[in-house]
Amino acid sequence: MATKIRLQRGGRKGYAVYRIVAADVRAPRDGKFIEKIGMYNPNTNPATVDLNFERALYWLEVGAQPTDTVRNILSREGVLLMKHLRGGVKKGAFDEAAAQAKFDAWKQAKEKGLNAVRESELKAKKDAAAKELEAEKKMNEAIAKKVADKKAAAAAAEAEAEAAPAEEAPAEA
């Protein structure tokens, strides 16, 4: 029986959430499957992947073929790298401890890169918020100046209007 590791659609209309499943190649996309391996939610930023690493690795090792999207997900999670490293152990290129050390080093580098991206996005958001605040302050100052000018002009006109009747009164006397 030929198996595939593929996505099975769930969720509501316009908000798809996928199960990562091992299924017979003849089964329909949302039909019968052999085992649920994980979940994939592309609606979050970054996309959320909840994967049973060991079961995904098992299915790859027994010959299940992942679809293109699942291959990308497994690659990002490191399952394909671990399969590759285990192949090297079987061939005698290095031992299990060296394979695990290489995998751990890759995982740490990946986490470091993800953290750097998160920090840069957070810094960009803070900078954008600071620019918006500065622009709003300038706009408020400009509006306050216009209001102050209007009030000063109104006060001057009122003072002028009061001064004019006061000048006329002594002329009549």
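Glu35 is buried, with a relative accessible area of 19%, and this value, like the others below, comes from a predicted model.

**Exercise 1. Determine which residue pairs with Glu35 in a salt bridge, and where the two partners lie in the chain.**

Step 1. The partner is Arg55, and the closest N and O atoms of the two residues are 2.9 Å apart, which is inside the 4 Å limit that defines a salt bridge.

Step 2. Glu35 belongs to strand E3 (residues 35-41) and Arg55 to helix H1 (residues 53-61), so that the pair, 20 residues apart, links distant parts of the chain.

Step 3. Glu35 counts as buried because its 19% falls under the 20% cut-off, whereas Arg55, with a relative accessible area of 29%, is partly exposed.

**Exercise 2. Work out how Glu61 is connected to helix H3, and which residues share its salt-bridge network.**

Step 1. The side chain of Glu61 meets that of Arg86 in a salt bridge, at 3.4 Å from N to O.

Step 2. Glu61 sits in helix H1 and Arg86 in helix H3 (residues 79-91), 25 residues apart, and this pair too links distant parts of the chain.

Step 3. Glu61 has a relative accessibility of 32% and counts as partly exposed, and Arg86, with 25%, is also partly exposed.

Step 4. A network of salt bridges links Glu54, Glu61 and Arg86, and the structure as a whole holds seven salt bridges.

**Exercise 3. Describe the largest pocket by its volume, its lining and the elements that supply that lining.**

Step 1. The largest pocket contains about 410 Å³ of space, and of the 14 residues lining it, Arg76, Glu77, Lys110, Glu111 and Leu114 are the closest to its centre.

Step 2. Strand E4 (48-51), helix H2 (68-77) and helix H4 each supply at least two residues of this lining, with H4 giving the most, namely six residues.

Step 3. Sorted by class, the lining of the largest pocket comprises seven nonpolar, one polar and six charged residues.

**Exercise 4. Identify the residues that form a nonpolar surface patch with Ile143, and explain why Ile143 can be part of such a patch.**

Step 1. Met139 and Val147 join Ile143 in the patch, and together the three have about 280 Å² of accessible area.

Step 2. Ile143 lies in helix H4, which covers residues 96-172.

Step 3. Ile143 has a relative accessibility of 46% and counts as partly exposed; it can therefore be considered for a patch, because patch residues need over 30% relative accessible area.

How values were computed. Residues are numbered from 1 along each chain as its sequence is written. This is a predicted model: local features need pLDDT of at least 70, side-chain atom pairs count only at pLDDT 80 or more; totals for chains, interfaces and linings use all residues. Side-chain values use heavy atoms; hydrogens and water are left out. Patches are made of residues with over 30% relative accessible area and no salt bridge: like charges are joined within 9 Å, nonpolar side chains (Val, Leu, Ile, Met, Phe, Trp, Tyr) within 5 Å. Accessible areas come from the Shrake-Rupley method with a 1.4 Å probe; for residues, only the protein chains shown count as cover. Helices (H or I, at least four residues) and strands (E, at least two) are DSSP runs, numbered from the N terminus. Buried means under 20% relative accessible area, exposed over 50%, partly exposed in between (1.4 Å probe, protein chains only). On a 1 Å grid over the protein atoms alone, a cavity is a set of points where a 1.4 Å probe fits but cannot get out, and a pocket is an open set with protein on both sides within 12 Å along at least five of seven lines; lining residues have an atom within 4 Å of a point. Grid points are joined across faces, edges and corners, and a volume is the space filled by probe spheres set on the points. Ala, Val, Leu, Ile, Met, Phe, Trp, Tyr, Cys and Pro count as nonpolar, Asp, Glu, Lys and Arg as charged, and the others, Gly among them, as polar.
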